[in-house]
Amino acid sequence: MIKVLVIDDSALIRALLGKIIDDDPMLIMVGAAPDAFVAREMVKRLQPDVITLDIEMPKVDGLTFLERLMQARPTPVIMISTLTSAGAEATLRALELGAVDYIAKPKIEVSRGIEAYQELITDKIKMAAKARLVNPKPLVAGRVLTTSRNFASSEKLLAIGASTGGTEAIKYLLMQFPASMPAIVITQHMPPGFTKTFATRLDNLCKIRVKEAVQGERLLAGCAYIAPGEQHMEVIRSGADYRVRLHQEDRVSGHRPSVDVMFRSLAVSAGVNTVAVIMTGMGRDGAEGMAQLSKQGCHTFAQDEASCVVFGMPKEAIKLNAVNEVLGLEQLAEAVLKKFSSISATTRL
């Protein structure tokens, strides 16, 4: 059984999480702590397999506790976050510090919201218990790749799909790209509000421009566009341009936004002009779409198991023989840039 320690200053949340955990035959709540001081002793004594951790706590906040925990006893942690801009900032910082994943608190009445998220919570706990605590080496200052190619008038596109562990993996990848990259489209499983905060953080770190995608906008070289939370993002052809199409149709592969939706649209609109990367994530979203891209002759990459937090999405794409190259996170950026540099500038649909 997976031993879970719940850390939350709300007695109601502790009770509800305890019930959800104990109702699953694979899980057991070994303890519940109201603050970081009590939690510190429980971690030592109970040695949990997974910890759920509230970001907003009195005395010592969740981020401070997380940072100390990862230094003293690295443990898979799922953050309990609010769907606010402040909550998004704190959650992204928690993922930087080593948290595996997060669960967004619903805005509706607490008990009903937690119960509605029961399957999601238990699935994430089970996933976290098997996750790798991957901490990519920080990029060395100035470690931005160079290219002699100018993609300003190119029809090339880079498509990236990720889920659990993806925020840090995508950051690591994009920070190495020069400003002269082809347009980049990204689908990362995140709720509304979080994607805009994520884009802003990346924009401040990267040479390329990074933004949350907007309906109908033209894709430009040197820019990366992130699918907004709860909206599918497709790339459509409009004359000589590629443009963004956003919609809220049914979830695909259990997600909205869905990597499959983005990849499938590119197979139709961009074909061989697309280079695609599937990265760390739970489930199989993106595998079928990558298979369609592969059939169109697109070059496809998958992040390898050793560098993934969860080797789910890449594994499923590999099973479908949809991946040309499987590489570690540290090799991906250079391989992608090399592939673009080798593609004929005259390739057209």
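Start by selecting Q231 in this predicted model: at 25% relative accessibility, Q231 is partly exposed, because that value falls between the 20% and 50% cut-offs. You will find Q231 in the loop between strand 9 and strand 10 (232-238). Show its surroundings next: beyond the neighbours within four places in sequence, Q231 is in contact with L246, H247, Q248, R256 and P257. For a sense of scale, draw a distance from the C-alpha atom of Q231 to that of K338, and you should read 32 Å across 107 residues of chain.

Stay in this loop for one more click. E230 is also found between strand 9 and strand 10, and its phi is near 65°, a positive value in a residue other than glycine.

Now pick two of the contacts of Q231, R256 and P257. The peptide bond running from R256 to P257 is cis, with omega near 10°. P257 has its place in the loop between strand 11 (241-247) and helix 9 (259-269).

Next stop, the sheet. Colour strands 8, 9, 7, 6, 12, 13 and 14 in that order: these seven form an open sheet with parallel pairing. Which strands stand at the edges? They are strand 8 (209-212) and strand 14 (325-327); each has a single partner strand, so one side of each is left without a neighbour in the sheet. Look along the sheet and you can follow a twist that averages 20° from one strand to the next.

Zoom in on the strand 14 edge. Strand 13 (residues 299-303) pairs with strand 14 in the parallel sense over three bridges. Select F301 here, and opposite you will see E325 in strand 14.

Add the helices that cross these strands. Helix 7 (166-174) lies across strand 6 (157-162), strand 7 (183-188), strand 8, strand 9 (223-226) and strand 13, and runs at about 165° to strand 7. Helix 10 (residues 287-295) lies across strand 12 (274-278) and strand 13, at about 150° to strand 12.

A short detour takes you to N321, in the loop between helix 11 (313-319) and strand 14. N321 has a positive phi of about 55° although it is not a glycine. Is N321 buried or exposed? With a relative accessible area of 68%, N321 is exposed, because the cut-off for that class is over 50%.

Time for the pocket. Turn on a pocket view and go to the largest one, which holds about 1000 Å³ of space. Of its 40 lining residues, the closest to the centre are L120, K124, H189, H255 and M282, so to speak your anchor selection. Strand 5 (101-105), helix 6 (118-130) and helix 7 each give two or more residues to the lining, and helix 6 provides the largest share, seven residues. Colour the lining by character and you get 19 nonpolar, ten polar and eleven charged residues.

Two residues round off the tour. S163 is found in the loop between strand 6 and helix 7 and counts as buried at 8% relative accessibility. Not counting residues up to four places away in sequence, S163 touches Q188, H189, T280, G281, M282 and M313.

Finish on I103 in strand 5, which is buried with a relative accessible area of 4%. Leaving aside neighbours within four places in sequence, its contacts are I78, M79, I80, S81, I121 and K124. For a last distance, join the C-alpha atoms of I103 and R256: they are 153 residues apart along the chain and separated by 16 Å.

Note on methods. Residues are numbered from 1 along each chain as its sequence is written. This is a predicted model: local features need pLDDT of at least 70, side-chain atom pairs count only at pLDDT 80 or more; totals for chains, interfaces and linings use all residues. Side-chain values use heavy atoms; hydrogens and water are left out. On a 1 Å grid over the protein atoms alone, a cavity is a set of points where a 1.4 Å probe fits but cannot get out, and a pocket is an open set with protein on both sides within 12 Å along at least five of seven lines; lining residues have an atom within 4 Å of a point. Grid points are joined across faces, edges and corners, and a volume is the space filled by probe spheres set on the points. Helices (H or I, at least four residues) and strands (E, at least two) are DSSP runs, numbered from the N terminus. Ala, Val, Leu, Ile, Met, Phe, Trp, Tyr, Cys and Pro count as nonpolar, Asp, Glu, Lys and Arg as charged, and the others, Gly among them, as polar. Two strands pair if DSSP finds at least two bridges between them. Axes are lines fitted to C-alpha atoms, for helices over the stretch in contact, and angles run from 0 to 180 degrees between N-to-C directions. Contact means heavy atoms within 4.5 Å. Buried means under 20% relative accessible area, exposed over 50%, partly exposed in between (1.4 Å probe, protein chains only).
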